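Colleague: I've got a fold open on my screen and I'd like to learn how to read it. Can we walk through it together?

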Amino acid sequence: MFRLFGAAWRYRGFIASSVVNEFKSRFSRSTFGALWIILQPLAQVIIFATILSNVLAARLEGVDNKYAYAIYLISGILCWSLFAEIVQRCQNVFIDNTSLLKKMQFPRIALPVIAIGSSMVNNIALLCVVMVILPILGVYPNVHYLWLPLLIALTVALATGVGLIVGVLNVFMRDVGHVMAVVLQFWFWVTPIIYPIKVVPDTFKASLAFNPVAPLAMAYHDVIVYQRAPQQSLVLVAIVAAVLLLIAMMLFRRASSEMVDVL
């Protein structure tokens, strides 16, 4: 594992330039350019807020703000968009770069690192815009925002573990990618991103213990919406993320030598 990290570090220039080039190429001929990074998630917020605000806004106890539900959605989307984008990009990263893998000699671990870096750039850009929007909505930064770097790091670690496992398996079994697309749709709805935990029936609340993204989403809500430290323990999330990363690295190391032949 340390050799994989060492290889990625030696090629850090290649990784950084690839992230920058990808960012530029995505928006080079786009009218709105990098604005698409924020327009898509904000469109989700507007849609859900328009449809569900009258039903769910009253369930946000302890928040005296008429935009409380919109802020709740923004904070949840911040968490989910980072997690989902990393998983989706990692699951196809080797298949999408088949020609590059066959033509160039470089550490294969650089490809998922580039995908993760690009996803983080997008999410940080979205976070910066959110930090500008929140004061307009009556929410001001406070000391609890210092939790955000830790929450971002845990989200990235968890998503990387899941995405790399799926990405390696997808090289050898292409159905895995299609299955994961469906799983992510269910995963979104079983995570308290657009609804408060209070509306979940007691019979289903126990199932949230098996969803490692749920404590992260609730932590984002605590920090941004409720202006407090996360109320859920993040220790279990960190353990799950570490275990998944370890499994992903072991799987990647065993399969990397065979990937090019299969692709």
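**Reading the pocket, the fold and one buried leucine**

Modeller: Let's start with the largest pocket, which holds about 480 Å³ of space. Keep in mind that this is a predicted model.

Colleague: Which residues are closest to the centre of the largest pocket?

Modeller: For a pocket, go from the centre outwards. Here 20 residues line the largest pocket, and the closest to its centre are Gln40, Pro41, Gln44, Ser81 and Glu85.

Colleague: And which elements give two or more residues to that lining?

Modeller: Four helices do: H3 (36-56), H4 (68-96), H6 (110-136) and H8 (175-189). H4 gives the most, with six residues.

Colleague: How does the lining of the largest pocket split by class?

Modeller: Sorting a lining by residue class is a handy next step. In this one you'll find ten nonpolar residues, eight polar ones and two charged ones.

Colleague: OK, zooming out. How many helices and strands are there in the protein?

Modeller: Eleven helices and zero strands. Follow the sequence and the pattern is just α repeated: α-α-α-α-α-α-α-α-α-α-α.

Colleague: What does the radius of gyration say about the overall shape?

Modeller: The idea is to set the value beside what a compact globule of that chain length would have. For 263 residues that would be near 18 Å, and the protein has 19 Å, so the two agree. Along the principal axes, the C-alpha atoms fill a box of roughly 60 × 45 × 35 Å.

Colleague: What share of the contacts links residues 24 or more positions apart?

Modeller: Take the contacts with a separation of 6 or more: 78% of them are between residues 24 or more positions apart.

Colleague: And what about the surface, how much area does the protein expose?

Modeller: About 13,900 Å², with carbon and sulfur atoms supplying 66% of it. As for burial, 46% of the 263 residues are buried.

Colleague: Let's try a single residue. Is Leu154 buried or exposed?

Modeller: You read that from the relative accessible area, where under 20% means buried. Leu154 has 11%, so it is buried. You'll find Leu154 in helix H7 (residues 148-172).

Colleague: Which residues does Leu154 touch, leaving out those up to four places away in sequence?

Modeller: Leu216, Leu234 and Ala238. Have a look at Ile239 as well: Ile239 is 85 residues from Leu154 along the chain, and their C-alpha atoms are separated by 9.9 Å.

Key:
Residues are numbered from 1 along each chain as its sequence is written. This is a predicted model: local features need pLDDT of at least 70, side-chain atom pairs count only at pLDDT 80 or more; totals for chains, interfaces and linings use all residues. Side-chain values use heavy atoms; hydrogens and water are left out. On a 1 Å grid over the protein atoms alone, a cavity is a set of points where a 1.4 Å probe fits but cannot get out, and a pocket is an open set with protein on both sides within 12 Å along at least five of seven lines; lining residues have an atom within 4 Å of a point. Grid points are joined across faces, edges and corners, and a volume is the space filled by probe spheres set on the points. Ala, Val, Leu, Ile, Met, Phe, Trp, Tyr, Cys and Pro count as nonpolar, Asp, Glu, Lys and Arg as charged, and the others, Gly among them, as polar. Buried means under 20% relative accessible area, exposed over 50%, partly exposed in between (1.4 Å probe, protein chains only). Contact means heavy atoms within 4.5 Å. The radius of gyration is taken over C-alpha atoms; the globule rule is 2.2 Å times the number of residues to the power 0.38. Accessible areas come from the Shrake-Rupley method with a 1.4 Å probe; for residues, only the protein chains shown count as cover.
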